[in-house]
Amino acid sequence: MHSFTPKIITTMREGYNPGLFKADAIAGLTVAIVALPLSMALAIASGASPDKGLITAVIAGFMISFLGGSRVQVGGPTGAFVVVVFNVIAQHGYDGLLVATFMAGLILIAAGAFKIGRLIKFIPHPVVTGFTAGIAVIIASSQVKDFLGLTLENPPSEFLPKWQAYFGAISSVHVATLMVGLGALLVIVALRKFAPKLPGFLIALILAAAVVALFKLPVDTIGARFPDMPTTIPMPSLPDVTWARMVELLPSAFTIAFLAGIEALLSAVVADGMTGTRHRSNQELIGQGIANLGSVAFGGLPATGAIARTATNIKAGAKTPVAGMMHALFILAFILFGSNLMAYVPMAALAAILFVVAWGMCEIDRFIALLRMPNSDRAVLLLTFGLTVLVDLTVAIGVGVTLASLLFMARMSETVLFDNGNAPDHEDESHGDDLDQRDDLPKGVEVFRISGPVFFGVAGELLDAMRKIGRTPKVIILRMRLVPMLDASGVTMIEEFIGQASVSGAKIILSGVQPQPKKMLARIGLSEDTAGIFFEADYAAALDYAKQLTEITVH
């Protein structure tokens with residue numbers, strides 16, 4: 001049960017004192033200052049009102065830290081969800097998003113309970129980098145209208161039509177809006193370069209709002225865009241969940257759960273590297289799942305661990321999950337006592353923040369590095385990126401993972417060797433397997449050697465090797481010392497090979513079979529008790545027994 005214990009319990013058992021609380025409170029306040037404008041910006045980019053982002057940061061942010069498997073993870077709305085959330089709201093309404101997020105929470109809990117957390121790390125880097133960069137491009141594209149102040153009602157959601165509409169409306173650029181956006185962008189970039197410890201996002205928003213109010217600039221603000229925005233935490237309630245609605249939204253739910261799991265565990269790994277601690281991946285997934293259910297109850301957005309906010313938390317001195325919980329409480333205090341100030345924030349300033357977020361998500365250095373990789377990795381990267389931008393994130397992930405898996409299996413199949421020749425196999429001399437496998441081979445005995453994991457991608461090659469000899473010997477030695485793994489297709493191939501040999505009256509000796517292949521063979525009835533099948537510890541013993549069998553056959 002240790003792997004399912006929230007880190008908050010572990011840290012409290014170790015002893016919690018006022019000194020730790022002071023460090024966590026300072027870190028929580030620092031992260032809240034960063035998360036405050038970011039949560040609003042991400043909510044608006046997702047097609048929701050800014051209060052939804054703040055609610056998510058409070059409810060999900062608190063629960064992710066309280067129930068998660070990482071000491072310093074900070075959760076909330078993130079850029080990875082923007083595309084999915086926007087599309088779900090556009091197609092199914094906000095209530096549809098709540099249903100999809102509710103199901104995603106259940107999927108995450110199930111994934112953690114069944115210990116799937118460790119499997120997510122096998123998602124190939126070209127796929128993760130490709131769809132993350134694609135999401136960044138879409139986020140940046142969605143903010144062009146607000147940044148330029150274009151007179152454009154309901155621009156298309158598709159990437160290429162959206163840009164066609166932008167170019168068609170380029171003459172309507174609003175100079176005051178553009179100047180506010182550029183000013184906010186320059187402030188953020190300058191502070192990151194010359195004063196990185198200052199909260200650039202928040203300072204840019206405050207300055208932009210002050211300039212707009214002072215000079216009475218006619219630019220779009222949060223108050224103008226969302227005049228009826230609530231300024232309190234709503235009472236909890238659950239969405240109307242029906243079977244038909246669940247079936248309809250299941251693909252979106254799986255996408256949300258997948259993204260939440262990937263980003264949460266990546267963030268936890270980053271945190272481990274910065275702190276020297278070790279997270280509990282399955283408990284982290286369970287915590288993420290419960291947090292998303294909690295967010296749904298209060299009308300919030302999907303949430304996950306946020307890498308940038310987690311890194312900020314660590315750099316600010318966070319020691320325990322209390323820091324993430326404090327970050328949520330500080331944002332709650334803003335909602336209760338200062339949310340009226342949100343009305344003065346210019347939309348162009350929020351667009352500037354999202355431009356910076358999108359640039360960070362692109363991971364341009366890693367993207368360029370992957371472009372220098374072999375053609376297969378490059379193809380996966382570009383295909384995932386292109387499908388994310390031009391088609392759909394769900395399609396991009398599915399195609400990217402499938403293509404990467406197929407290419408990996410193709411590369412693995414090249415490492416599997418089947419032969420009956422004289423090539424050395426570099427096995428351990430102490431086991432006698434360094435012998436040339438055809439030296440002193442008795443008449444009527446044939447030997448085949450398999451090297452590497454035998455799975456469905458290579459399952460037919462041994463049968464082809466047998467057909468090429470053109471005759472059926474009296475005894476066949478199948479050397480398997482270098483086979484670490486058999487899957488169902490590999491076992492079936494061995495069974496077919498033995499079946500074809502047995503029909504012709506040949507006896508089979510399997511030498512050096514490792515535990516996993518031996519267990520798999522036993523499951524289909526091929527064991528030491530099977531007639532005509534013999535197991536020997538190594539090739540030398542197999543060769544001696546083959547000589548005995550041929551002598552018996554001759555006599």
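A helix here is a DSSP run of at least four residues, H or I, and helices are numbered from the N terminus. The model in these exercises is predicted.

**Exercise 1. Threonine 242**

Task: Find the place of threonine 242, and decide whether threonine 242 is buried, partly exposed or exposed.

Solution.
Step 1. Look between α10 (222–225) and α11. Threonine 242 sits in the loop there.
Step 2. Take the relative accessibility of threonine 242, which is 36%.
Step 3. Apply the cut-offs: buried is under 20%, exposed is over 50%, and partly exposed is in between. Threonine 242 therefore counts as partly exposed.
Step 4. Turn to valine 99. In sequence, 143 residues separate valine 99 from threonine 242. In space, their C-alpha atoms are 9.1 Å apart.

**Exercise 2. The largest pocket**

Task: Describe the largest pocket by its volume, its lining residues and the helices that supply them.

Solution.
Step 1. Start with the volume. The largest pocket holds about 1,600 Å³ of space.
Step 2. Go to the lining, which has 45 residues. Closest to the pocket centre are Arg192, Ile307, Ala308, Arg309 and Thr312.
Step 3. Assign the lining to helices. Those that supply at least two residues each include α2 (18–45), α8 (175–194), α11 (243–275) and α16 (364–371). The top contributor is α13, with six residues.
Step 4. Sort the lining by class. There are 29 nonpolar, eight polar and eight charged residues.

**Exercise 3. The cavities**

Task: State how many cavities of 30 Å³ or more the count gives, then describe the lining of the largest cavity and of the second largest cavity.

Solution.
Step 1. Recall the idea. Rolling a probe the size of a water molecule over the atoms shows where empty space is left.
Step 2. Count. There are two cavities of 30 Å³ or more.
Step 3. Take the largest cavity, with about 50 Å³ of space. Its lining includes Asp51, Leu54, Pro230, Ser339 and Met342. Helix α3 (residues 50–67) gives the most to this lining, with three residues. By class, the lining has five nonpolar, three polar and one charged.
Step 4. Take the second largest cavity, with about 40 Å³ of space. Among its lining residues are Leu42, Ser46, Phe81 and Leu301. This lining has six nonpolar residues, two polar and no charged.

**Exercise 4. Strands around β6**

Task: Work out how β6 pairs with β5 and with β7.

Solution.
Step 1. Place β6 at residues 507–511. Four of its five residues are buried.
Step 2. Pair β6 with strand β5 (residues 475–482). The two run in the parallel sense over five bridges. One of the partnerships joins arginine 479 to serine 511 in β6.
Step 3. Follow the chain from β5 to β6. The path passes through helix α20 (residues 488–503), and this β-α-β crossover is right-handed.
Step 4. Pair β6 with strand β7 (residues 533–536). The sense is again parallel, now over four bridges. Leucine 510 has phenylalanine 535 in β7 as its bridge partner.
Step 5. Add helix α21 (residues 515–523). Together with β6 and β7, α21 makes a right-handed β-α-β unit.
Step 6. Check the faces of β7. Ile533 and Phe535 point to one face and are buried. Phe534 and Glu536 point to the other face and are not buried.

**Exercise 5. An aromatic pair**

Task: Classify the ring pair of phenylalanine 367 and phenylalanine 385.

Solution.
Step 1. Recall what to look for. A pair of aromatic rings is described by the distance of the centres and the angle of the planes.
Step 2. Set the scene. The whole structure has seven aromatic pairs.
Step 3. Read the geometry of this pair. The ring centres are 5.5 Å apart and the planes meet at 70°, so the pair of phenylalanine 367 and phenylalanine 385 is edge-to-face. The cut-off for that class is over 60 degrees.
Step 4. Locate the partners. Phenylalanine 367 is in helix α16 and phenylalanine 385 is in helix α17 (residues 375–390), so the pair ties together parts 18 residues apart in sequence.
Step 5. Judge burial. Phenylalanine 367 has 11% relative accessibility, so it counts as buried. Phenylalanine 385 has 24%, so it counts as partly exposed.
Step 6. Look elsewhere for a cluster. Trp163, Tyr166 and Phe167 form one.

Definitions and conventions: Residues are numbered from 1 along each chain as its sequence is written. This is a predicted model: local features need pLDDT of at least 70, side-chain atom pairs count only at pLDDT 80 or more; totals for chains, interfaces and linings use all residues. Side-chain values use heavy atoms; hydrogens and water are left out. On a 1 Å grid over the protein atoms alone, a cavity is a set of points where a 1.4 Å probe fits but cannot get out, and a pocket is an open set with protein on both sides within 12 Å along at least five of seven lines; lining residues have an atom within 4 Å of a point. Grid points are joined across faces, edges and corners, and a volume is the space filled by probe spheres set on the points. Ala, Val, Leu, Ile, Met, Phe, Trp, Tyr, Cys and Pro count as nonpolar, Asp, Glu, Lys and Arg as charged, and the others, Gly among them, as polar. Buried means under 20% relative accessible area, exposed over 50%, partly exposed in between (1.4 Å probe, protein chains only). Two strands pair if DSSP finds at least two bridges between them. A crossover is right-handed if, with the strands pointing away from the viewer, the path from the first strand over the helix to the second runs clockwise. Rings of Phe, Tyr and Trp (its six-membered ring) pair if their centres lie within 6.5 Å; planes under 30 degrees apart count as stacked, over 60 as edge-to-face and the rest as tilted.
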